[in-house]
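Got your viewer open? Load the model, switch to a cartoon view and keep the selection tool handy, then follow along stop by stop.

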Amino acid sequence: MLPFMLDTLMRTADLSLVALGLSLVYGLVRFANIAHMQYAMTGAFLTAGGLQLGMPLLLAMLLAAVLCGLLSVLLHHWVFQPLLKSGTANAMIGSLAVSMVIIAVMLGAEGSAPVSFNLPMGSMWEFAGARLSSDRLFSLIITLSLILVFALVLFWTPQGRAVRALASNRELAAASGLNATAIVHVVNLVAGMLASLGGSMMAMQGSAYINQGNDLMLPVLAAAILGGLGNPLGAVFGALLIAITETLITNVDFGSLIDGQMAFVPVTWVNACSFVMLLLALWLRPFGLFNREVRRV
């Protein structure tokens, strides 16, 4: 049971920061940014580049996060904001095009080979049949800390109240004197930084690779939709549900239930299993588990 719980928490950590940022931006601009997952891939490569220059891990991750946050702001200001004037559908199609451009640029800059972080060998703990590395523990602690800090800022600070007010009623918030453009830019900065940190921590367990963003796209979108697009903390809970489904499906020996021989679901079917769970959830709750924002996609 403990190994299952740890695997679930690790997968949740992989998805939650990226899903949180995607849902946060959607709450203000009302379109799902397909390019958001590529910020995670870009952040992973930038972190790897910082490590190759001799930077400490935390400094490399922070610098990569800032750069990806600025990239998110610039793309929103110069690309997505003009596209939104002609409708959310155009903005979503434009974000898909931007996603392809980012992949092409990174492919030209880094090549198709994965880039390892080359970190020192960490400690490994084993208890109750479960194994946990120091790198994984670091990722779990950082992810949980960021989610807690985000929740505190969102619900207990004037800045968080301003974001929630703008997401709830843009016209009323503007009439109250809130600077909507500045808030949207800050939110995009934070979302890009969170995506970069999520991608970097995922790459710590393996390597940075070109298809990292594409591999994140389906589960992250599923998590954000499950939690209700526009509800950032709901997206974290959606990531937990997706992680539980993926871990359960890949760890159950279905053969022992049928003919006594070992038979597991292929790893390539994981996304399909996650989306079956998403379809079932949306069949029961058509607009997500926590709100009705998904109908605006």
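Start by selecting R30, which sits in the loop between α1 and α2 (36–52). The helix labels come from DSSP runs numbered from the N terminus: helices are H or I runs of at least four residues, strands are E runs of at least two. Look at the backbone here: phi of R30 is near 65°, a positive value in a residue other than glycine. R30 counts as buried because its relative accessibility is 18%; buried means under 20% relative accessible area, exposed means over 50%, and partly exposed lies in between, with a 1.4 Å probe and protein chains only.

A quick word on what you're looking at: this is a predicted model, where local features need pLDDT of at least 70, side-chain atom pairs count only at pLDDT 80 or more, and totals for chains, interfaces and linings use all residues. Residues are numbered from 1 along each chain as its sequence is written, and side-chain values use heavy atoms, with hydrogens and water left out.

**Zoom out**

Now show the whole protein chain. You should find twelve helices and two strands. Walking from the N terminus, the order is α-α-α-α-β-β-α-α-α-α-α-α-α-α. Of the 297 residues, 47% count as buried.

**Two salt bridges**

How many salt bridges does a search of the whole structure find? The count is two, where a salt bridge is a side-chain nitrogen of Lys or Arg within 4 Å of a carboxyl oxygen of Asp or Glu.

Select R11 and E246 to see one of them: their side chains meet at 2.7 Å, N to O. R11 lies in helix α1 and E246 in helix α10 (residues 232–251), so the pair ties together parts that are 235 residues apart in sequence. Is E246 buried or exposed? E246 is buried, because its relative accessibility is 6%.

Next, pick R136 and D14, which form a salt bridge with their closest N and O atoms 3.2 Å apart. This pair also links distant parts of the chain, with R136 in helix α5 and D14 in helix α1, 122 residues apart. R136 is buried at a relative accessible area of 14%, and D14 is buried at 9%.

**A small stop: the cavity**

Keep R136 and D14 selected and add A13, S139, T143, G198, M201 and M202; together these eight line the largest cavity. A cavity is a set of points on a 1 Å grid over the protein atoms alone where a 1.4 Å probe fits but cannot get out; a pocket is an open set with protein on both sides within 12 Å along at least five of seven lines, and lining residues have an atom within 4 Å of a point. The search turns up one cavity of 30 Å³ or more, and the volume of the largest is about 30 Å³. Volume here is the space filled by probe spheres set on the points, which are joined across faces, edges and corners.

Color the helices and you'll see that α1 (2–29), α5 (134–156) and α8 (180–204) each supply at least two lining residues.

**The largest pocket**

Move on to the largest pocket, with about 500 Å³ of space. Of its 23 lining residues, select V149, F150, V153, V190 and L194, the closest to the centre. Helices α3, α5, α6 (158–168) and α8 each supply at least two residues of the lining. By class, this lining has 21 nonpolar, two polar and no charged residues. (Ala, Val, Leu, Ile, Met, Phe, Trp, Tyr, Cys and Pro count as nonpolar, Asp, Glu, Lys and Arg as charged, and the others, Gly among them, as polar.)

**Out to the surface**

Select L63 in helix α3. L63 counts as partly exposed because its relative accessibility is 38%. Add L46, L62, V66, L67 and L70, and you have a nonpolar surface patch with about 460 Å² of accessible area together. Helix α3 (residues 57–84) provides the largest share of the patch, five residues.

**Last stop: back to α1**

Finish with L9, in helix α1. Draw a distance to A243: the C-alpha atoms are 7.5 Å apart in space, although the residues are 234 apart in sequence. Then try D7, also a residue of helix α1, and L248: their C-alpha atoms are separated by 9.6 Å, with their positions 241 residues apart along the chain.

Terms used
Patch = residues over 30% accessible without salt bridge, like charges linked within 9 Å, V, L, I, M, F, W, Y side chains within 5 Å. Areas by Shrake-Rupley, 256 points an atom, 1.4 Å probe, with all protein chains shown as cover.
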